[in-house]
Amino acid sequence: MPEMNSLYNPARLEADHAPFITAYYYKQWDGFRMSFHSHDSVEIMYVISGDCVVETEREVIALRKGDFVLLDAGVRHRLLVDKGRPCRMLNAEFGFIDAGAGHPSVRALTADSPALTALLAAADPAIVLRDPHDVYQTLRSLVTELDSGHAERSCMAQLLLGQLLVQIARLAQLKRGGAVAQTSRYVREAAEYIRQHYDTDLQVKEVADAVHLHPTYLQRIFKAGMGRSLVDYLTEIRMEKAKMLLARTDIPITSIADYIGLNSRQYFSMLFRKMTGVTPIEYRRGAEASYYPPSVFENGQREAESESG
């Protein structure tokens, strides 16, 4: 049975097998020494607070807050927690079933994730990783969905579990890459933060604080990794969002500057023309001509805006 449920069973890439949760629980341990044992399912042991030790027959793994270990099915292990040093954990176990409609199979996930393909090829029985917060958020959302009682919770849970596997695979890939990968991770996290906060008065220091780096160092590695400065990247993101809003919504041009984090309509218009070669109103008119049927204009359903926009 453990071999059948192994994450690294070759059948994962030959048939449409979807992961599904078999067990999950929160537990705070204090002064606990577990006996060696194994599971028929793959297990994720995530440390929410405190510290502990997980022993396998091959290694001793020290874990602290934010660390987690992915143990393959059949791997013998035990948990050790010192008395007076409580450790709170979230554990989840999963096996595999034939994928149904809307349930992502491992094979389908690997088609779009080189990191997951590499993880399966490595076939490490115990993978120890440090979480930048993404994994815990997904793991917690997964558990919350399973407890929700919603009719579609099974489908949602499997989608979240597929996302979780890809996130773990990416972290494992970064770990294998060493220092270069760590720098790449900071750049990726900074870019993601920008994409999520471009609508605010975003400053370099805020982005640096979010990824726990000095602003000067972040700007240096960001430019090296992305081929442009952090400020230029922010501007590009804002202009791409502005083009989408101009082409696909009826939001007044006078308001779009606020939607993309610029507090000046005039500055937005100047910047947009510099980046695209046309004014916002010219861009919207061109987009309307290609995106909307003629009847839309004939019926006067689109908002008329002045050339000064």
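**Exercise 1. List what N91 touches, leaving out residues up to four places away in sequence, and work out its setting in this predicted model.**

Step 1: collect the neighbours. With those close-in-sequence residues set aside, N91 is in contact with A23, Y24, Y25, E43, I44, M45 and Y46.

Step 2: place the residue. N91 belongs to strand β8, which spans residues 87–98.

Step 3: buried or exposed? The relative accessibility of N91 is 5%. Buried means under 20%, so N91 counts as buried.

Step 4: look for a polar partner. Pick E43 out of the list: its side chain makes a polar contact with the side chain of N91, at 2.9 Å.

**Exercise 2. Classify the ring pair Y46 and Y136, then say where its two members sit.**

Step 1: know what to look up. A pair of aromatic rings is described by the distance of the centres and the angle of the planes.

Step 2: get the numbers. The ring centres of Y46 and Y136 are 5.1 Å apart, with the planes at 25°.

Step 3: apply the cut-offs. Centres within 6.5 Å make a pair, and planes under 30 degrees apart count as stacked. The Y46 and Y136 pair is therefore stacked.

Step 4: find both ends in the chain. Y46 is in strand β3 (residues 42–49) and Y136 is in helix α4 (residues 134–148), so this pair links distant parts of the chain, 90 residues apart.

Step 5: check burial and company. Both Y46 and Y136 are buried. Ring pairs also bring in F68, giving a cluster of Y46, F68 and Y136. Across the whole structure, the search turns up 7 aromatic pairs.

**Exercise 3. Decide whether C52 and C87 are bonded or unbonded to each other.**

Step 1: recall the chemistry. A disulfide is a covalent bond between the sulfur atoms of two cysteines.

Step 2: take the distance. Going from C87, the closest cysteine sulfur is that of C52, 3.8 Å away.

Step 3: compare. The cut-off is 2.5 Å, so 3.8 Å is too far for a bond. That fits the count for the structure, which holds 0 disulfides.

Step 4: add the surroundings. C52 is buried at 4% relative accessibility, and C87 is buried too, at 0%.

**Exercise 4. Sketch the open sheet of 4 strands and mark its edges.**

Step 1: write the order. It goes β2-β7-β4-β5, and the pairing is antiparallel.

Step 2: mark the edges. β2 (32–33) and β5 (60–64) each pair on one side only, which makes them the edge strands.

Step 3: zoom in on one pairing. Strand β4 (residues 51–56) runs antiparallel to β5, and 5 bridges join them. Across this pairing, V54 stands opposite I61 in β5.

**Exercise 5. Find which charged side chains sit over the rings of F96 and W29.**

Step 1: start at F96. The charged end of R12 sits over this ring, 3.8 Å from its centre.

Step 2: go to W29. K27 lies over its face, 5.4 Å from the ring centre.

**Exercise 6. Describe Q137, then zoom out to the whole chain.**

Step 1: locate Q137. It is in helix α4, and at 39% relative accessibility it counts as partly exposed.

Step 2: check its distance to L164. The two C-alpha atoms are 9.5 Å apart, for residues separated by 27 places along the chain.

Step 3: zoom out. The chain has 13 helices and 9 strands, and 45% of its 309 residues are buried.

Definitions and conventions
Residues are numbered from 1 along each chain as its sequence is written. This is a predicted model: local features need pLDDT of at least 70, side-chain atom pairs count only at pLDDT 80 or more; totals for chains, interfaces and linings use all residues. Side-chain values use heavy atoms; hydrogens and water are left out. Rings of Phe, Tyr and Trp (its six-membered ring) pair if their centres lie within 6.5 Å; planes under 30 degrees apart count as stacked, over 60 as edge-to-face and the rest as tilted. Buried means under 20% relative accessible area, exposed over 50%, partly exposed in between (1.4 Å probe, protein chains only). A charge sits over a ring if NZ of Lys or CZ of Arg is within 6 Å of the ring centre and within 35 degrees of the ring normal. A polar contact is a pair of N or O atoms within 3.5 Å; within protein, one must be able to donate a hydrogen and the other to accept it, and residues adjacent in sequence count only if both atoms are side-chain atoms. Contact means heavy atoms within 4.5 Å. Two strands pair if DSSP finds at least two bridges between them.
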